[in-house]
Number of protein chains: 2
Amino acid sequence: MATHGARGRSGGRPTLEEVAARAGVGRGTVSRVINGSPRVSDATRAAVEAAVAELGYVPNTAARALAANRTDAIALVVPEPETRFFAEPYFSDMLKGVGSALSDTEMQLLLIFAGSDRERARLAQYLAAHRVDGVLLVSVHADDPLPDLLAQLEIPAVISGPRSSAETLPSVDSDNYGGARQAVEHLLSRGRSRVAHITGRLDVYGAQRRVDGYREAMSDAGLGVDEGLIEAGDFTEEGGHRAMAALLERHPDIDAVFAASDVTASGARRALREAGRRIPEDVALVGYDDSAIARHMEPPLTSVRQPIEEMGRRMTDLLLTEVADRRPLASRGLERRQMVLATELVSRSSS
Amino acid sequence: MATHGARGRSGGRPTLEEVAARAGVGRGTVSRVINGSPRVSDATRAAVEAAVAELGYVPNTAARALAANRTDAIALVVPEPETRFFAEPYFSDMLKGVGSALSDTEMQLLLIFAGSDRERARLAQYLAAHRVDGVLLVSVHADDPLPDLLAQLEIPAVISGPRSSAETLPSVDSDNYGGARQAVEHLLSRGRSRVAHITGRLDVYGAQRRVDGYREAMSDAGLGVDEGLIEAGDFTEEGGHRAMAALLERHPDIDAVFAASDVTASGARRALREAGRRIPEDVALVGYDDSAIARHMEPPLTSVRQPIEEMGRRMTDLLLTEVADRRPLASRGLERRQMVLATELVSRSSS
DNA sequence: AGGTAGTGTGGGAGCGCTCCCACCAGTGAT
DNA sequence: ATCACTGGTGGGAGCGCTCCCACACTACCT
């Protein structure tokens, strides 16, 4: 507060103007050099670079942001409480990917949690102030108002996992359909034929796609689709337990289960144990996510791995293009930028 | 890039000027209302607030930063690779504390990892550009150049755990000395008397303080200090194992061990098992940190808990004062702002 | 010779705010 | 009545950049 007058004059940070004077060129030229414009002669560029080095010039971000109407920052918005963020390896892998895509960029990453209503209100305010050039959205539920808010504010965004087949936002997702097929085909190749599926929350698009994958793999194998072998879960342990119990009741002769998540598989395992079934001897089990749970389960769980770090990287690349390409609304959204990454089956002793 | 001309004019975000016009007051008055200055009459304030609401005015951060020479952001700098950040609950607790202290503030938090040389270079550049008003430094090693860089750039900083007794930066620490005393006194109260200590890395000030606490607790209990009961560790599992083995060799009659960290205790436990000692029957064991390791050890480990979340909160409060108080250099650093928080012994079955 | 592109460059204008000085009442002391 | 003050207010100046227009100056056509 008190430093306003004293600021900058003596000993403060050098400005563009001072660099220009030192190099014997105009302000515009220095700006061009700093921003890597090609329209500068080599000699001039060298002179400016020398002046920059001598003066230890560092551009003032605030001034740049004001003049250019951009912030050089993007946000990774996590609509979850911090606790979950730290608990699930999903997020740390994602963060790693984002970080690596950003590492040779001037772009800064902001990590924003929006788990509570209060945090969400803060976030809305934050976005309204246009404090970031773009947003990375992970783990978004189908009814989340955030994507609409972003669209309304005209802030570029990329979503990890489309909300539906009609998703309008650019997105990066893993191949849920293909992953499910891999899982089922794996079970069939092990000689199983009575393969059940415990789904995820069906308001999550990815969960639906997994069901599609299950259905088609069964049908392509000539086994037909017995709807009685499909039971709805909700990605939780409890849901998996309940679903498995229901399935066993209906079809005591089940010899394999594909669960829509590792946590679900863990619940299914408990129900199987309670029913006296051995894994994998009596019933083979496959999960999804290849999380720590899969590795530590007894027996270790075969699971479908998603390339999460890679997804983070791709999302970031997409967003950066999106931010750079900002163009008149008319030409936006015409070409949909959506990306699907392959999954990989990690085979362990549960199948 | 191409939007410069079109920006703002039609349909863009409202500016201070527009709010002023709407409310029928001057620019200065609106600024005063926005910034909560008391020098505004109630009537005027109400009028301005109405105009702000009608127009949906949100201040432009970049303009404010440029004019006021501040950023309204602070950084939490973690001089570790991201992997460790996610692996250790220390950081997530710290983050939670910082977040809570910031939650009713306009201040924004930036999370910056500076594990690799490359990241450190980026950070230096970042700080040189004064993109944050202050820095929170956690887990800093004694020879880290970062604090000096910050001092040179005149960026307010708070450190978690002073680097020495002569630490010049404001700091928040837990009471390492007192925590060590608690641990030792607990062991003595359980009837043990041949209490050994495995230290942490002695170039970490906190580790030294723990040794001090051990020494004085022993000496105050009238047991004297046998230097042979002190063995240097380095906070690692391997170090704990080696140190414990050495101690047993020297003093086979040891009946209790205070280890400078839970990880160290875990190594010590292994050495004790290998030597056929039972815990706690033959040798009682106490660790430090009360981490997940302590809870999951077999047997569960008695450990000294540091109030990490609280430390994060206090650090943040300190930094905010520091940032707000920015004043002529002369009066700085005269009063040292250093804070020590009490620890708590969590008793489990290892002792 | 005169035109017509293209390069490279300087500097004005303006981004939206904060700070501060000037000013205008009103109030109470002289 | 005159002179401080004081609470309240308007608006100029300026923060350090980017954008863009204008102006050289060259080189290559007709």
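**DNA-facing surface and strand β9 of chain A**

In this predicted model, the surface near DNA strand D is made up of 12 nonpolar, 14 polar and 4 charged residues. Of the 30 residues around this DNA strand, those that come nearest are A:Leu16, A:Ala67, B:Gly26, B:Gly28 and B:Thr44. Two or more residues of the surface are given by each of four elements, namely α2 (27–34) and α4 (61–68) of chain A and α2 (27–34) and α4 (61–68) of chain B. The element that gives the most to the surface near DNA strand D is α4(A), with 5 residues.

A separate part of chain A concerns strand β9, which spans residues 284–288 and is mostly covered, 5 of its 5 residues being buried. Burial extends to both faces of β9(A). On one side A:Ala284, A:Val286 and A:Tyr288 are buried, and on the other A:Leu285 and A:Gly287 are buried.

Strand β8 of chain A (residues 256–259) runs parallel to β9(A) and is joined to it by 3 bridges. Within this pairing, A:Val257 has A:Leu285 of β9(A) as its bridge partner. The chain passes from β8(A) to β9(A) by way of helix α12 of chain A (residues 262–274), and this β-α-β crossover is right-handed.

Strand β9(A) also pairs with strand β10 of chain A (residues 302–305), in the parallel sense and over 3 bridges. In β10(A), A:Val304 stands opposite A:Tyr288. The two residues of β9(A) named in these pairings belong to opposite sides of the strand, A:Tyr288 to one and A:Leu285 to the other, and both are buried.

Notes
Residues are numbered from 1 along each chain as its sequence is written. Chains are lettered from A and ligands numbered from 1 in the order in which they are written. This is a predicted model: local features need pLDDT of at least 70, side-chain atom pairs count only at pLDDT 80 or more; totals for chains, interfaces and linings use all residues. A residue is buried if 20 or more other C-beta atoms lie within 10 Å of its own, exposed if 12 or fewer, and partly exposed in between; C-beta atoms are placed from the backbone. Two strands pair if DSSP finds at least two bridges between them. A crossover is right-handed if, with the strands pointing away from the viewer, the path from the first strand over the helix to the second runs clockwise. A residue is near a molecule or strand if its C-beta atom, placed from the backbone, lies within 6 Å of it. Ala, Val, Leu, Ile, Met, Phe, Trp, Tyr, Cys and Pro count as nonpolar, Asp, Glu, Lys and Arg as charged, and the others, Gly among them, as polar.
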